[in-house]
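Me: I would like to go through a structure with you, one question at a time, and see what can be said about it.

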Protein chains: 2
Amino acid sequence: MAPSRGKTGQTSVDQDASVSSTGGSRPATLRDVAAHADVDVSVVSRVVNGDPRLRVSDATRERVERSLRILDYRPNVQARGLRLARTWTIGFVLPDLMNPFYAPIVEGAEQRASELGYMVVIVRELDRARADDPELAFARLLHEDRVDGLLVASGRVDDDVLRTLDRGRRPLVIVNRRVPGVAGSVVVDDQAAAEVATSHLIDLGHRRLGHVAGPSGIDNTLRRHAGVAAAAARGGAMLVTAHGEGWDPESGHTAALRLLATHDVTGVVATNIIVAAGVVGAAQELGRRVPEDLSVVALHDFPVAPFLRPSLTTVVLPLEELGRQAVDELMWRLAGNARREITIAGRPRLVLRDSAGPPRDEGVPARDPGARALDGRRVRPRG
Amino acid sequence: MAPSRGKTGQTSVDQDASVSSTGGSRPATLRDVAAHADVDVSVVSRVVNGDPRLRVSDATRERVERSLRILDYRPNVQARGLRLARTWTIGFVLPDLMNPFYAPIVEGAEQRASELGYMVVIVRELDRARADDPELAFARLLHEDRVDGLLVASGRVDDDVLRTLDRGRRPLVIVNRRVPGVAGSVVVDDQAAAEVATSHLIDLGHRRLGHVAGPSGIDNTLRRHAGVAAAAARGGAMLVTAHGEGWDPESGHTAALRLLATHDVTGVVATNIIVAAGVVGAAQELGRRVPEDLSVVALHDFPVAPFLRPSLTTVVLPLEELGRQAVDELMWRLAGNARREITIAGRPRLVLRDSAGPPRDEGVPARDPGARALDGRRVRPRG
DNA sequence: CGGGGATGACCAAACGTTTGACCAAGGCTA
DNA sequence: TAGCCTTGGTCAAACGTTTGGTCATCCCCG
């Protein structure tokens with residue numbers, strides 16, 4: 001055991017300190033460890049942090065490391081944060097957790113963050129996100145120095161709010177949205193996904209297409225619409241778009257009714273799977289069977305897709321990866337680097353199920369009907 | 001403007017301090033405010049916190065409050081937390097965010113927490129939650145003093161882990177699960193919900209019932225099974241139970257195949273809506289139409305229920321309220337009070353949709369179709 | 001033997017709060 | 001007029017870290 005050293009003359013004793021890390025006693029502080037190893041707290045601190053400028057004898061270092069283990073020392077994050085003005089916490093701003101779209105993003109973000117020793121706090125932000133509202137939850141988090149940075153995954157927060165926030169001391173990364181010339185962002189390739197979905201319908205022989213989109217004007221909606229329009233044009237197909245008021249089933253239902261009542265389309269690209277459920281419902285109310293009378297392809301694949309009737313043909317987007325990379329981008333910014341606009345690489349994947357087939361009475365036959373998996377669930381990479 | 005006072009003789013000046021709360025400058029500290037109001041920081045602190053023992057002239061108090069407003073002072077949470085050994089942060093432990101079951105609970109918890117000035121950090125905990133794993137994410141959070149307490153909503157964490165955690169310094173509230181004689185918990189009335197679902201089938205005339213349950217042995221599963229069994233016995237119905245391995249669609253699918261292959265039931269209570277989707281799929285694979293040949297009632301209502309085909313008859317459980325009350329219970333514990341076991345009040349509500357009807361070829365007619373909503377409210381949403 | 005580096009460690013300030021102790025000045029009472 | 005209380009504050013320590021300085025000792029070299 002360590003001999004008594006130093007002018008304090010205090011003899012350190014191996015006290016019974018093997019407290020369970022979940023036990024009831026006070027966690028060991030730097031000072032406890034220093035006393036145990038009979039050195040100054042600064043030595044312990046530098047050992048813990050691997051300070052390269054620390055000059056210390058091997059014997060002392062080992063003594064310190066042993067004490068650290070025995071006392072099961074863990075740095076107090078608040079004290080460290082106070083000193084360093086950091087929190088190792090990031091905020092994830094979203095409008096609503098019920099929307100399954102956000103779950104995988106949050107999940108991916110949490111995974112990556114915890115790998116890096118960060119916590120993720122969720123901040124639900126209502127649509128009342130006006131620029132000068134002093135009670136904006138996330139602005140408060142920033143102002144109280146409770147987070148090191150923010151991931152904003154809400155499509156509803158005003159551009160102005162984001163611009164203001166982006167001028168602040170803390171980095172901001174916008175998730176799956178671009179705010180022109182303002183903030184760093186990470187997005188999935190919505191446009192490519194939309195093209196894949198649309199091309200699939202065209203490959204099946206559809207030439208009169210509908211797009212049930214999200215609220216108009218939203219960046220997100222624009223990117224997807226661009227993809228649908230591009231693929232439709234390339235395929236020589238007619239396209240009519242109906243915007244819903246949101247991304248919920250009712251919005252899809254309403255928009256689809258409007259679309260189907262006025263236009264004779266045979267295939268629809270729905271902006272997401274939830275909206276697609278509303279589209280299918282609307283079609284059936286109008287007496288059109290899916291996929292016999294109307295084909296539907298949805299963007300995003302959620303676990304529920306196979307269990308809808310008919311099961312939905314979808315395009316998978318890498319949402320977990322989106323969350324992970326959003327965190328990485330925030331770290332990049334925290335390290336002092338400049339804003340970037342990142343698009344997640346990787347081709348969107350088409351998942352064939354039952355909601356899309358060849359049009360009934362017209363058009364070319366599907367190019368390769370044999371590729372359809374019998375169970376309708378086999379995944380075929382983009383053709 | 002405030003005159004120069006005190007022996008420092010320092011004249012305070014109304015500097016241009018109206019920084020936007022999201023602006024780029026350093027947030028004002030207590031010291032800044034003190035200098036601005038020309039008083040000691042302790043006065044400012046006591047004013048901010050409404051210390052009743054503070055004796056101060058009205059003039060001074062107003063001067064301080066004015067400075068607080070001008071400088072837009074917000075306490076630094078880390079410093080305050082360091083001093084008071086609190087974080088105003090609670091951890092929410094869950095296995096997986098993709099399961100829509102958790103979304104409303106987290107959402108409710110976040111709402112309530114933010115009302116109370118608390119942040120919610122999500123902690124995903126894999127099933128590897130063994131008692132002595134030093135790298136348990138939530139144990140680390142506790143040990144580093146990053147949270148004031150924990151809400152555990154994972155059904156998979158070992159009882160032993162919870163028992164150990166529960167002996168620690170920080171309060172622990174188990175969400176929707178009871179760990180015998182150990183920790184405080186908040187649960188919804190699963191048993192009552194199961195009874196409502198089962199009674200509905202019996203009222204429709206079913207006498208041979210199946211229960212597709214969650215993994216056996218889990219408290220949750222037991223409570224629901226108790227409800228199903230009680231109602232079945234009361235109605236003189238036969239009951240056979242099949243346990244899935246999880247709460248995902250595949251588990252429901254597998255368990256339902258097993259159940260339907262070996263027993264001739266006419267109605268099934270599924271432990272949740274996701275599992276129910278698997279049950280419906282299994283039935284259809286076996287050539288049994290829902291609801292004509294098999295009625296299905298699911299516990300929990302998620303927004304997707306109306307859009308499944310057939311749309312699912314469900315029993316609504318107050319999951320958001322569960323989240324809110326879990327936070328309240330944690331606050332109760334943080335205030336130093338003893339553990340409690342709380343069951344959320346309020347009758348589970350039956351939502352009638354298309355997946356359950358009278359049995360085809362047998363049995364008594366429904367007793368009184370109008371009486372089936374136990375709470376007297378007949379709910380019939382779209383679909 | 002004196003000077004100059006290394007070596008190995010300690011000291012102390014600072015981060016922003018909270019809070020028990022203390023104190024000067026003035027007024028009241030005995 | 002001495003003593004005491006009240007009013008209106010100030011002082012300073014403490015929470016647990018981090019980190020730029022300082023410092024005593026020892027060794028080596030000229």
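The questions and answers below concern a predicted model.

Me: Which class of residue, nonpolar, polar or charged, has 12 members on the surface near DNA strand C?
Reply: In this predicted model, 29 residues surround DNA strand C, and the closest are A:Thr60, B:Arg46, B:Arg53, B:Arg80 and B:Arg83. Sorted by class, that surface holds nine nonpolar and eight polar residues, while the class with 12 members is charged.

Me: What percentage of the atoms of DNA strand C within 4 Å of the protein belong to sugar or phosphate?
Reply: Polar backbone atoms of the protein approach phosphate oxygens of the strand, with B:Asn76 at 3.2 Å and B:Leu30 at 2.6 Å. A base oxygen of DNA strand C also lies 3.4 Å from a backbone N or O atom of A:Arg83. Among the strand atoms within 4 Å of the protein, bases account for the rest once sugar and phosphate have taken their share, which is 59%.

Me: What kind of axis relates chain A to chain B, and why?
Reply: Chain A is superposed on chain B, with an RMSD of 0.0 Å, by a rotation of 180 degrees that carries 0.0 Å of shift along its axis. Because that is the relation such an axis describes, the answer is a two-fold axis.

Me: Which residue of chain A has the C-alpha nearest the axis?
Reply: The two copies use the same surface, since 95% of the contact residues of chain A recur in chain B. In chain A, the C-alpha nearest the axis lies 2.0 Å from it, and the residue is A:Val121.

Conventions. Residues numbered from 1 in each chain as written. Chains lettered and ligands numbered in written order. Predicted model: local features only at pLDDT ≥ 70, side-chain atom pairs only at ≥ 80, totals over all residues. Heavy atoms only, no water. Near = heavy atom within 4 Å. Polar contact = N/O pair within 3.5 Å; in protein donor to acceptor, adjacent residues only side chain to side chain. Nonpolar A, V, L, I, M, F, W, Y, C, P; charged D, E, K, R; others polar. Least-squares fit on C-alpha atoms with pLDDT ≥ 70 in both. Contact = heavy atoms within 4.5 Å.
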